[in-house]
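Colleague: I should like to learn how to read packing, burial and backbone features from a model. Might we work through an example together?

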Amino acid sequence: MEHPENDARYKGLKVNKGIENAPSLNPYLKKKVKRKEYTVAEYVDGILNGNITILSQAVTLVESSKHEHQRVAQQIIEKCLPHSGNSVRIGITGVPGSGKSTSIDAFGMHIIGQGHKLAVLAIDPSSERSKGSILGDKTRMEELSRAKEAFIRPSPSAGSLGGVARKTRETIILCEAAGFDTVFVETVGVGQSETAVHSMVDFFLLIQLAGTGDELQGIKRGIMEMADGIVINKADGDNIEKAKLAQSQFRNALHLFPATDSGWIPQVLTYSGYYKLGIKEIWDMVDEYMAFVKKNGYFDYRRNEQAKYWMYESINEALKESFYLNPEIEKQLPSVERQVLGSEISSFVAAKKMMDLYLESLKR
């Protein structure tokens, strides 16, 4: 249909003819390629052969909350378990801004230079509101992200115990089966994440800063007692003297703590992750620690204690999931919650009521 504006009476006006039945989708948009689905045997073979693509997809299954994905993931883990346990597991924590990602980049390149293969499990903090994550740690590990001998897996914490839980431990098993002999677990540096990481690593490294005006504030007894080594970052330029002062303060603080279960005396070192100064000394310390705990039997003892700990954690998680997914509980919980909020019953009476209902439903 011709537009009336194009009539000769309306000089200076011109309306072009439109496109009829314009496509609703961009015709240049390529169709999404469907990811190939592997069998459990194919996943296991791929992982054992060091196929990074298949390893990544297996880790995605481990992290998935879908029941069918979890079922496949557990079968993969079970078959990979005999091929795991041969790595050095290192937990790395520190307050946000202490340079964890930059340090891991420097530490990782040093380890790869010694002929090792490294897996980095970087836990990214999730927003409590949107539940979203930036997953930007990999961008701050510029050299490591390009290294063929490294596997970096950023994962959203999704509010689970400060960012690390059973799924991270299961991912460690897959990485070890794929031939990675060193595993880093980086924490978000807040909340209870340190406790969870400590329960799945052999060496716990605490990164601190100097020159921020809160060296003594940074001495948190709980984290300090867990640390097998404390390293002070950004010891370069005008900050060297401040780093040495902080090193002295931390060493003095460690003398106030009781002896460690391993018998190891934690060391305090300074370094610069950005300029890669003092990196070798840190890994000499880690090697010295590993030799020490393997000689006195603490290494095997700790690995066994960790396996027991995660067995009970898995039981607790399964019971919790079973409770909240129970149809009777899902039906009655909102009503009981309203009674608590209305001060009709106490929280403790409500909890007992729900537990009794849950146990009764299991008998049916």
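**Reading a predicted model**

Modeller: Let us begin with a pair of helices in this predicted model. E42, Y43, G46 and I47 in α1 meet I54, L55, Q57, A58 and L61 in α2. By class, the residues of this contact of α1 with α2 divide into six nonpolar, two polar and one charged.

Colleague: At what angle do α1 and α2 pack, and how far apart are their axes?

Modeller: Helix α1 covers residues 40-48 and helix α2 covers residues 52-63; they pack at an angle of about 125°, with their axes 8 Å apart. Because of that angle, α1 is oblique to α2. The handedness can be read as well: the crossing of α1 and α2 is left-handed.

Colleague: How should one approach the protein as a whole?

Modeller: One may start with its secondary structure, which comes to 13 helices and seven strands. Of the 364 residues of the protein, 41% count as buried. Sequence separation adds a further view: among contacts with a separation of 6 or more, 74% are accounted for by residues 24 or more positions apart.

Colleague: Which residues of the largest nonpolar core touch the most other members?

Modeller: The general idea comes first: in soluble globular proteins, nonpolar side chains tend to be buried together. Here, the largest nonpolar core has 47 residues, and those touching the most other members are I47, L55, I76, C80, L174, M224 and I230. Helix α2 gives the most to this core, with six residues. L174 illustrates how such a member is connected: leaving out residues up to four places away in sequence, L174 touches I47, L55, A58, V59, V62, I76, I77 and C80. There is also a second, separate core of 33 residues, which includes F107, A147, V231 and F299.

Colleague: Turning to a single strand residue, is V120 buried or exposed?

Modeller: One reads the relative accessible area, with buried meaning under 20%. V120 has a value of 0%, so V120 is buried. Its place is in strand β2, residues 118-124. Setting aside neighbours within four places in sequence, V120 is in contact with I104, M141, L144, F151, I152, R153 and F184. A distance gives another reading: V120 and D105 are 15 residues apart in sequence, while their C-alpha atoms are 9.8 Å apart in space.

Colleague: Which loop holds S98, and what does S98 touch there?

Modeller: S98 lies in the loop between β1 (88-94) and α4 (100-113). The relative accessible area of S98 is 0%, and S98 is therefore buried. Not counting residues up to four places away in sequence, S98 touches I207, L209, N233 and K234.

Colleague: What is the phi of K234, and where is K234 found?

Modeller: The sign of phi is read together with the residue type. K234 is not a glycine, yet it has a positive phi of about 65°. K234 is found in the loop between β6 (229-233) and α9 (240-254). Its relative accessibility is 37%, so K234 counts as partly exposed.

Colleague: How does the reading go for S343, and is S343 buried or exposed?

Modeller: S343 is not a glycine either, and its phi is positive, at about 60°. S343 lies in the loop between α12 (327-341) and α13 (347-363). With a relative accessibility of 65%, S343 counts as exposed.

Definitions and conventions:
Residues numbered from 1 in each chain as written. Predicted model: local features only at pLDDT ≥ 70, side-chain atom pairs only at ≥ 80, totals over all residues. Heavy atoms only, no water. Axes fitted to C-alpha atoms, helices over the stretch in contact; angles between N-to-C directions. Helix = DSSP H or I, 4+ residues; strand = E, 2+ residues; numbered from the N terminus. Parallel < 35°, antiparallel > 145°, perpendicular 65-115°, else oblique. Left-handed = near helix turned anticlockwise from the far one by under 90°. Contact = heavy atoms within 4.5 Å. Nonpolar A, V, L, I, M, F, W, Y, C, P; charged D, E, K, R; others polar. Core = buried A, V, L, I, M, F, W, Y, C linked by side-chain atoms within 4.5 Å. Buried < 20%, exposed > 50% of the residue type's maximum accessible area, 1.4 Å probe, protein only.
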